[in-house]
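This report goes through one model of two chains in running text. The sequence and structure are shown first.

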Amino acid sequence: MNEILIIARKELLSVVRERRVLFTTLVLPIFVMPLLMFGPILLFGNVAQKTQESVQRVGVVGVPVEVLEALKRAKVEPVPVANPQEAVQNREVQAALIYENGRYTLYGRLSGGATQSALVVEKVQGALRAYKDQVVAERLRARGIGTELLEPFRLEIEDASREQERAAGLFAFLIPYFLVLFIQTGGMPVAVDATAGEKEKGTLEALLAAPVPLMQILLGKGLAVFVMSLLSTLAAMTGLLLGGGMLRSAFSAQLQALQREENAPQLGGALALDPLGYLSILVTAVLFALLVIALMISLGLYARSYKEAQSYMSPLMLVMLVPILFLQFSDFLKLQDWFFVLPFVNVVLAIDSIVKGMVTVPQLGITWASTLVFAGLALYLAYHSFRREDVVFRN
Amino acid sequence: MIEAKGLGKSYRRFQAVRGVSFEVRPGEVYGLLGPNGAGKTTTLRMLATLLRPTAGRARVAGFDVVRQSLEVRRNLGIVNGGMKVYDKLTGYEVLDFFGSFYDLWGAKLKERIAWAAELLRIERAVLSKQVKDMSSGMQQKIVIARAILHQPQVLLLDEATAGLDVFARRALLDFVRQYAGLGKTLVYSTHVMSEAEEVCDRVGFMNKGLLVYEGSLQEALALGSGNLERAFIRRLEEVA
């Protein structure tokens, strides 16, 4: 045990001396996480608001005078154009409107995610809808009919999900994602340095010549990677929870305005778990970290150099992200207990269920037991690699 | 103190070391000489328990290299030319790290560090620097200090002067004789014959995995008319 701690201490001391690694694994996540979560939403909200308030040029062809007036009232400047589609493509105007044979056609640049043109199209659409409602109301009034004829009933949609699930919001998806991300990225620099790095720098042989059993060397290195992985994850979660909270209070007005809008994006969330829930997340994350660390050390030991180790470990990240993609569609699947045996998938599903307050004891038990077994197998693989002379002296 | 009998190491069809046998007594410096690729490093790695022999057996400080590997390592120090220590740690931290595996702590550790520093002519102030800020000669001295800190009965030096400047090389050669003078057993592996002439009591010539000659330094010099390199070539011609 003593040797394990001595080796772990040495690995961590080497990391502490590397300011770049410390910054990227411990400091950066605290600042990046809130920006990553709320930055794009706030930026988009700001741009959307400015688009609503300022005047944009819209190409028009054959549009009646009354509609032109309605557009002006909606802060749009109608500009006659010869070829509306081309004018939009060339960005001479943000959108273009044609009226022909009783039909309006609206052009905009609608591909490639959120564009300003799409917002202007919405603005013009809104103006046209309002004008249309006005014309319909006038025509009905002329015939002595009330506008309530067009609305025989009202429809209201309410979120019936559990309070904990509702409160979790995006967190249900983001927490597994960030756990996977930071457990690997936080531990990777130490894992690479402690394995392939030692080989490349020629320090491994001196360590192997010391009277320490291989398993203890392996566990010492694993412990150092584990500490860095958890610290990095903790930093990210701190950034997410505290930084996110600070950002939300600083921009509360903007965020509330955004949330009031129809189809508003989900803004973060809040963890409202009981102590057992937090403990369950912690145990799941720790077991998952053990598995990932054992895999990284196996790959690192096999590699001859830093570069080679990184090229082995990067695909591991992609493999671990696949279950996250799966998680997005998990609601369309009937969750079976055996899903919780699958490596990586089980951890992601379990955390998602814990955060939403829907996890069952068998699901959690299967997840923990299977992850522990997989971690054990990965540790054996690492030990087996470490015992192979052709792997250790492969440089 | 070192006994190797029929020691061999094969990698699939390639035989790196073929039935090597030799003995080294306490207080003796044994020169293992030969060109690059002769099998010297593989032989020493087997003695240091870093590689497992595929044939024969060896005992180091009375312990079997296969069955009692931890005991062997407790009584052995090894240095090779490519060996490095952690560049982000200071000299003290490196020695503290390796010393702790041999139960060297506190005052005892300080005493051993002072002893090794004096023997290898390492200035105390240098030990407070991070290894990456030291000259290559000083880094190699730290590598050696790490290997002798526990005052091992057996010390294996494999191309240990590689990359050293003239002062560091001189310090190392002087150290080899001094350490043998303490009754320790040393194997000095090199392809630089002049170094062997200076420090070795007995020599063994290795070529293509075989030990092709063994004798005292005087005998070997006589074989080469006063020159070890000539003796080596003559012996190779004889066995060819």
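The text below covers confidence, the spans taken from records, the contact between the chains, the domains of chain B and one of its sheets.

**Confidence**

The model is predicted. Chain A has an average pLDDT of 85, and 89% of its residues score at least 70. One stretch of chain A, residues 262–267, stays under 50 in pLDDT, and for this stretch the model has 9 contacts beyond four places in sequence. Where pLDDT is low, the predicted coordinates should not be read in detail.

**Spans from UniProt**

An unreviewed UniProt entry lists "transmembrane region" for residues 21–44, 170–192, 223–242, 276–303, 309–327, 339–359 and 365–383 of chain A. For chain B, the UniProt annotation "domain: ABC transporter", also from an unreviewed entry, covers residues 2–233. The table sets out the content of the annotated chain B span and of two of the chain A spans.

| Span | Helix | Strand | Distance between end C-alpha atoms |
|---|---|---|---|
| Residues 276–303 of chain A | 96% helix | 0% strand | 40 Å |
| Residues 365–383 of chain A | 100% helix | 0% strand | 27 Å |
| Residues 2–233 of chain B | 38% helix | 27% strand | 27 Å |

**Contact between the chains**

How many residues does each chain give to the contact? Chain A contributes 19 residues and chain B contributes 23 residues. On the chain A side, the elements that give two or more residues are helix 1 (2–16) and helix 9 (204–208) of chain A. Helix 1 of chain A supplies the largest share of that side, 5 residues. By residue class, the side of chain A that touches chain B divides into 9 nonpolar, 3 polar and 7 charged residues.

**Domains of chain B**

The domain assignment splits chain B into domain 1 (1–74 + 153–239) and domain 2 (83–150). Taken over C-alpha atoms, the centres of domain 1 and domain 2 of chain B are separated by 25 Å. Contacts between these domains of chain B involve 13 residues of domain 1 and 11 residues of domain 2. On the domain 1 side, the largest share, 7 residues, comes from helix 6 (residues 166–181) of chain B. The residues of the side of domain 1 of chain B that touches domain 2 comprise 9 nonpolar, 2 polar and 2 charged.

**A sheet of chain B**

Chain B has an open sheet of 4 strands in the order 2-1-4-5, with antiparallel pairing. Strand 2 (14–24) and strand 5 (63–64) of chain B are its edge strands, and each pairs on one side only. Within the sheet, strand 1 (residues 2–11) and strand 4 (residues 55–60) of chain B pair in the antiparallel sense over 5 bridges. Opposite E3(B) stands R59(B), in strand 4 of chain B. Helix 1 (residues 40–47) of chain B packs on this sheet and touches strand 1, strand 2 and strand 4 of chain B. The direction of helix 1 of chain B makes about 115° with that of strand 1 of chain B.

Strand 4 of chain B also pairs with strand 5 of chain B in the antiparallel sense, over 2 bridges. Here V60(B) has F63(B), in strand 5 of chain B, as its bridge partner. Which residue takes a positive phi in the hairpin of strand 4 and strand 5 of chain B? The hairpin has 2 residues between the strands, and A61(B) takes a positive phi near 55°.

Technical notes:
Residues are numbered from 1 along each chain as its sequence is written. Chains are lettered from A and ligands numbered from 1 in the order in which they are written. This is a predicted model: local features need pLDDT of at least 70, side-chain atom pairs count only at pLDDT 80 or more; totals for chains, interfaces and linings use all residues. Two residues are in contact if their C-beta atoms, placed from the backbone, lie within 7 Å. Ala, Val, Leu, Ile, Met, Phe, Trp, Tyr, Cys and Pro count as nonpolar, Asp, Glu, Lys and Arg as charged, and the others, Gly among them, as polar. Domain bounds come from an automatic or database domain assignment. UniProt positions are given in the numbering used here, feature names are shortened, and annotations may be inferred rather than shown by experiment. pLDDT is the predictor's confidence in each residue, from 0 to 100. Two strands pair if DSSP finds at least two bridges between them. Axes are lines fitted to C-alpha atoms, for helices over the stretch in contact, and angles run from 0 to 180 degrees between N-to-C directions.
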